[in-house]
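Please look at the aromatic side chains of this model alongside the points below. They are set out for a colleague who wants to check each contact by eye.

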Amino acid sequence: MGFREVMDRASSGDPRAQNALGYIYFRGDGTPKDDNRAFIWFNMAAEQGDPEGEFNAAYMLVHAIGTNANLEEALKFYTDSAEKGYAQSMFNLGHMYSDGLGVEQDWEKAVHWYTRAMEAGMVPACYRLAVIAETGRDGSEPDTGKAVSYYTRCADNGYEPAMLRLGDMYMDGRGVQKNPDRAVKLYLKAAESNNADAMLRLGKASISGEGMVKSVNNARKWLKKASARGNEEAKALLETL
């Protein structure tokens, strides 16, 4: 479907075309990037109750992209979109409640929407729930067993931050039996994607000999890789070897 056809359909009130046109302007796809026009078209879809349009308009309202910030309006759009089953809106709504963004902080609602988003397949929502369980950030008692379960689910889906935190739990024996070998496997998996924090951990494991052969040369290798990717702790540690 060409630009003219998308424009014609959007102008006639088709919310799918309005979203498509919003993306064209937002990304500058074949036309100059124009955030103001992107918001106009996303907002038109949102005003018709289209859940994707509501998500897009809400995101721009939160971040003041192409329009003035309006958290109250964003909350309204996210809520309506989430209640219609749009997973990304569920996640962002959870974020608004957990961080008190435009609303009074409400951990019960945050956990509710993160859980809904996780059930809809959003791995970052699963990770947020894992962090909450591990730290008791919502005011509840920390539940390391639940955290391990959530982190494992995220790690199995390739989510690097979860690999690191799960690896740390295996390295320290928190919520699981201490298993440095398992921790290092998780760090190596994250390092395959050039994750500097994973490389730092591998450097430290090479120094301590936990889960890896104790080797200053191997430590230097990993710390150099982490340092080259901007990890300041790796750079400082490297200078001590």
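Which residue lies over the face of Trp222, and at what distance from the ring centre?

1. The residue is Lys225, placed at 4.8 Å from the ring centre of Trp222. A second arrangement of this kind involves Lys33, which lies over the face of Phe26 at 4.4 Å from the centre of that ring. Please keep in mind throughout that the model is a predicted one.

2. Turning to contacts between rings, the count of aromatic pairs comes to seven. One of them is formed by Tyr23 and Phe42, whose ring centres are 5.2 Å apart and whose planes meet at 70°, an edge-to-face arrangement. Because Tyr23 belongs to helix α2 (residues 15-27) and Phe42 to helix α3 (residues 35-47), this pair ties together parts that are 19 residues apart in sequence. Both Tyr23 and Phe42 are buried.

3. The pair of Phe55 and Tyr78 has a centre-to-centre distance of 6.0 Å and an angle of 50° between the planes, and therefore counts as tilted. Phe55 sits in helix α4 (residues 51-63) and Tyr78 in helix α5 (residues 71-83), so that distant parts of the chain, 23 residues apart, are linked by the pair.

4. As to accessibility, Phe55 has a relative accessible area of 10% and is buried, while Tyr78, at 2% relative accessibility, also counts as buried; the cut-off applied here is under 20% relative accessible area.

5. Finally, Phe55 and Tyr78 should be inspected together with Tyr86, since ring pairs link Phe55, Tyr78 and Tyr86 into a cluster.

How values were computed
Residues numbered from 1 in each chain as written. Predicted model: local features only at pLDDT ≥ 70, side-chain atom pairs only at ≥ 80, totals over all residues. Heavy atoms only, no water. Phe/Tyr/Trp six-rings, centres within 6.5 Å; stacked < 30°, edge-to-face > 60°. Helix = DSSP H or I, 4+ residues; strand = E, 2+ residues; numbered from the N terminus. Buried < 20%, exposed > 50% of the residue type's maximum accessible area, 1.4 Å probe, protein only. Lys NZ or Arg CZ within 6 Å of the ring centre and 35° of its normal.
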